[in-house]
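Hi everyone, thanks for making time this morning. Let's walk through this one together, and please have the viewer open while I talk.

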Amino acid sequence: MKAQNWSSKGISAISLLLSLSLFGCNPSLNSDNNLKLNSSSYFETRGLNVLAFNNWYDVNFFSDSKLSGIEIIHHGVRTATNGDVRLNPTPEQWDPIPQLVRREVNEQNNTIEAFLTYPEYQFDYRIKAEACSGGILLNVNIDKQLPKELVGRAGFNLEFLPAAYFEKTFLMDGKPGVFPLYPGGPMSVDKPGVTEPKPFAVGKQLVLAPEDPARRVTIIARTGELLLFDGRNKAQNGWFVVRTLIPQNTCGPVIDWFLSANTIPNWVRTPVIAHSQVGYHPAQKKVAVIELDKNDRPLASARLLKVTDVGQFVEKYKGEVIKWGPYLRYNYFTFDFTPVKETGLYVLEYGDLRTKPFRIAADIYENCWQPTLDVFFAVQMDHMFVNEAYRVWHGKAHLDDALQAPINHRHFDLYTQGPTTDSPYQPGEHIPGLNIGGWFDAGDFDIRTATQYHVVSTLVQIWETFRPARDETLIDQNIRYVDIHHPDGVPDILQQIEHGTLALIAQQRAVGHAIPGIIEPNLSQYTHLGDASTQTDNLVYNPRLKPDESDGFTSGNFDDRWAFTNKSTPLNYGSAAALAAASRALRGYNDALADECIATAKNVWDQEHSHEPNIFRAGNTTGVSLEAEELNAALELLICTKDVKYADRINALWPTVEKQFNRFAALAVRAKPYMDSAWSQKLEPLVRAYKNNLDKSYEQNPFGVPISTAGWAGSGWVTYFGINTYLLHKAYPEIISSEYTFRALDYLYGCHPASDISFVSAVGTRSKRIAYGNNRADYSFIAGGLVPGILVIKPDFPENKEDWPFLWAQNEYVIGGASDYIYLVLAANDLLKEN
């Protein structure tokens with residue numbers, strides 16, 4: 001076998017194999033690529049980090065999120081993850097995952113060891129990562145022989161990001177290959193008809209991207225063989241997987257890999273000039289945040305250049321770069337160019353780096369919300385045919401909604417049906433009337449009720465506060481038809497309020513209360529990508545017919561979505577709040593629906609107060625806390641009716657508001673005009689305390705907004721922060737500045753960690769062009785969609801993949817975030833009118 005260069009020192013694979021022992025590394029090997037455990041308990045050298053179980057599968061919600069086990073951050077890009085023992089060659093999201101028992105870090109020995117188990121198989125194992133000269137040794141150890149049922153199934157996998165290796169090559173034992181841009185097999189089929197990928201390369205030594213010093217990785221198997229798979233043959237979100245099977249009839253150290261990732265000498269990550277891709281109002285505070293590698297040396301100044309009509313770049317401002325300090329793994333500096341107020345096109349320049357052009361203009365936010373209403377909301381409309389010029393986004397979807405979900409059933413996507421149906425229908429029986437209204441919740445196609453009522457409530461607040469009369473979309477409920485860029489004489493936002501309201505009122509009509517939601521019954525349907533109208537046959541299931549048999553109205557195909565129908569008092573309050581609010585907005589447009597909405601909302605309130613609350617919890621599908629949902633219902637009904645009983649109930653819930661004011665600030669301020677003077681007096685000290693907490697956010701990060709470190713990235717929290725501060729400013733301008741709201745928009749538009757991209761597709765010069773919408777398999781986007789944004793990979797790596805749409809926690813559009821975003825932009829426009 002011809003020796004292959006595996007490191008910047010040129011050490012051959014043969015000499016490496018001769019030097020490695022089964023249990024450790026030979027300390028006599030020398031290389032610049034020497035990983036060391038750092039204070040954050042991961043392995044580090046310049047240009048390379050290896051994480052070992054710093055992150056764990058999302059066991060409570062979404063299972064395998066491509067964020068666990070052994071992970072590689074290579075020249076600033078996370079290129080590998082899920083280094084762990086798995087039971088499939090290319091695991092999908094809901095395939096079995098182990099349990100992490102404990103993780104031990106030994107700084108003296110430069111090792112991290114994870115202890116794990118598959119309890120259903122009584123299979124325990126350990127994975128040890130040991131840094132040594134030139135790379136890292138990965139061992140899998142078992143104390144007992146592999147259970148028979150796992151022979152040929154259990155193996156150590158390490159998954160590599162396809163987008164990092166597109167248009168790149170590999171060498172397996174010296175035999176050349178090219179990483180496929182599009183999956184093309186090979187595949188096998190077992191007896192039940194289940195497909196499994198077969199390896200497209202097998203050997204002892206794998207070199208990934210030998211031609212690319214930034215991506216070259218060498219893996220050498222001291223035991224067993226390396227099998228290279230393409231996970232996209234099973235699922236579009238699959239990764240390239242390197243795998244070694246655990247041998248049978250063996251215990252102790254059963255897998256031994258050496259992994260070396262090339263590093264570029266003296267590598268320094270390119271700086272980021274974080275700024276708004278949309279631009280700035282002349283009167284607005286304008287601060288760019290410069291993000292630097294910890295090995296980079298800051299420059300003294302930055303410049304703002306105006307772009308002329310003949311393509312010249314003319315300096316308009318030069319200013320000092322001010323040190324903010326470290327945050328996560330980077331160092332941050334600020335460049336304040338607020339003095340520039342002249343309308344025009346500008347770029348920021350820091351050293352040799354220039355940004356994309358952006359505007360300074362008085363109408364800077366006027367149109368920023370429009371793609372979200374015009375396009376994104378239209379595309380998300382369920383039960384409708386959605387057309388845009390020559391393009392059909394989807395046909396009339398889910399006209400066969402819905403079957404009663406079976407009792408005692410836990411769905412894989414957070415829904416649960418308890419021991420009763422809480423409806424007049426038997427499990428599997430069709431519930432008529434649910435095939436109307438509503439939006440696809442996110443990149444998938446379910447109708448999550450809590451989301452639906454949040455969106456309706458927010459749209460009503462937008463209508464009542466800002467009165468946007470924009471009409472660019474034809475929506476005809478009678479024929480279930482939507483045509484984007486086709487005015488029909490009715491404000492689009494009213495038609496969207498109507499569409500969401502129809503879904504909520506349909507639940508009350510059908511079963512007498514709000515239901516958790518409607519969703520596909522099985523994974524094969526849930527993972528459907530493409531036209532939503534092909535997810536089912538749109539014919540109501542008829543058990544008297546055979547599969548694929550139809551009478552033209554019903555069919556024997558058991559493909560209808562399921563309705564999860566358990567009673568939940570918080571959920572019912574949330575729905576009632578939205579119905580009450582909708583009754584106000586729809587008055588004069590659809591009076592019959594408005595009348596039904598307010599009557600239903602009042603009835604729900606009275607019914608729920610006639611008995612003990614029904615508290616049924618299932619994931620995020622059954623509403624938030626009882627007090628929060630009741631407060632929302634009380635406020636909306638108070639606004640509608642002015643009935644003192646609702647004000648009394650709000651007063652009675654004051655301790656909840658006081659205790660969690662950060663959460664209830666917006667509601668408390670909205671209630672202020674409808675409550676007595678005592679309410680206002682109690683609010684002011686809470687607002688002042690809230691202001692003190694706001695100022696602390698700038699001490700925590702250089703962007704001045706709350707950045708989430710949870711398992712779902714935080715654009716939604718930033719939007720919520722911007723809306724809260726807007727409402728508080730309007731009520732208490734002497735306490736709360738309008739600046740916080742603009743900070744939130746700046747963050748969404750590019751002033752955030754890791755990059756300067758706008759998180760709103762098609763808004764801003766450079767925005768998200770690859771995202772997790774229902775068209776994600778096309779590596780595309782939906783205009784106006786807002787992605788979750790920056791996910792902090794523990795302990796310190798901010799990430800938002802721009803070339804890989806399938807990481808939902810970073811890139812999935814959600815309809816609730818879209819409505820909040822519209823509100824935030826219109827709020828900013830309103831604040832600019834003050835100036």
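Let me begin with one bit of vocabulary: a residue is called buried when its relative accessible area is under 20%, exposed when it is over 50%, and partly exposed in between. With a relative accessible area of 25%, C640 therefore falls in the partly exposed class. Please keep in mind that this is a predicted model.

Since I've mentioned a cysteine, let's stay with cysteines for a moment. How many disulfides does a search of the whole structure find? The answer is zero. Why is there no bond from C640 to the closest cysteine sulfur? That sulfur belongs to C597, and at 9.7 Å it is too far away for a bond; the cut-off for a disulfide is 2.5 Å. As a reminder, a disulfide is a covalent bond between the sulfur atoms of two cysteines. Another cysteine, C251, is also partly exposed, because its relative accessibility is 43%.

Now to the inside of the protein. In soluble globular proteins, nonpolar side chains tend to be buried together. Here the largest nonpolar core has 145 residues, and Y365, F661, Y749 and Y821 have the most contacts inside it. Which helix gives this core its largest share? That is helix 17, residues 815-834, with twelve residues. If you click on F661, you'll find that it touches A668, L683, L686, V687, Y690 and L728, leaving aside residues up to four places away in sequence. Another core lies apart from the largest one; it has 60 residues, including I70, F123, F166 and F240.

Let's go on to helix 3, residues 370-379. Is this helix largely enclosed or left open? Ten of its ten residues are buried, so helix 3 is largely enclosed by the rest of the structure. Among those buried residues are Q370, T372 and D374, along with F376 and F377.

Just past that helix comes a charged pair I'd like you to see. D382 sits in the loop between helix 3 and strand 31, which covers 385-388. Its side chain meets that of R561 in a salt bridge, at 2.8 Å from N to O. R561 is in the loop between strand 41 and strand 42, so to speak a long way off in the chain: the two residues are 179 residues apart. Are these partners buried or exposed? D382 counts as buried because its relative accessibility is 0%, and R561 is buried as well, with a relative accessible area of 0%.

For another kind of pair, look at helix 13, residues 677-700. E684 and R688 both lie in this helix, four residues apart, about one turn. An α-helix has 3.6 residues a turn, so residues three or four places apart point the same way. The side chains of E684 and R688 meet in a salt bridge at 3.2 Å, N to O. Both ends are partly exposed: E684 has 30% relative accessibility, and R688 has 42%.

A search of the whole structure finds 36 salt bridges, and I'll show you one more. E799 and K801 meet through their side chains at 3.6 Å, N to O. E799 is buried at 3% relative accessibility, and K801 is buried at 5%. Salt bridges with shared partners join E71, R78, E799 and K801 into one network.

E71 also leads us to N55, as a polar contact of 3.1 Å joins their side chains. N55 is in the loop between strand 3 and strand 4, and it is buried, with a relative accessible area of 5%. Its contacts include L67, S68 and G69, as well as I793 and K794.

Last stop: strands. Strand 31 and strand 32 run antiparallel and are joined by three bridges, with N387 opposite V392. Two residues lie between the strands of this hairpin, where A389 takes a positive phi near 50 degrees.

There is also an open sheet of four strands, in the order 33-42-39-36, with mixed pairing. Which strands stand at its edges? They are strand 33 and strand 36; each has a single partner strand, so one side of each is left without a neighbour in the sheet. Strand 39 and strand 42 run antiparallel, joined by three bridges, and I519 stands opposite W562 there.

That's my tour, and I'm happy to take questions.

Conventions: Residues numbered from 1 in each chain as written. Predicted model: local features only at pLDDT ≥ 70, side-chain atom pairs only at ≥ 80, totals over all residues. Heavy atoms only, no water. Buried < 20%, exposed > 50% of the residue type's maximum accessible area, 1.4 Å probe, protein only. Core = buried A, V, L, I, M, F, W, Y, C linked by side-chain atoms within 4.5 Å. Contact = heavy atoms within 4.5 Å. Polar contact = N/O pair within 3.5 Å; in protein donor to acceptor, adjacent residues only side chain to side chain. Pairing = 2+ DSSP bridges. Salt bridge = Lys/Arg side-chain N within 4 Å of Asp/Glu carboxyl O.
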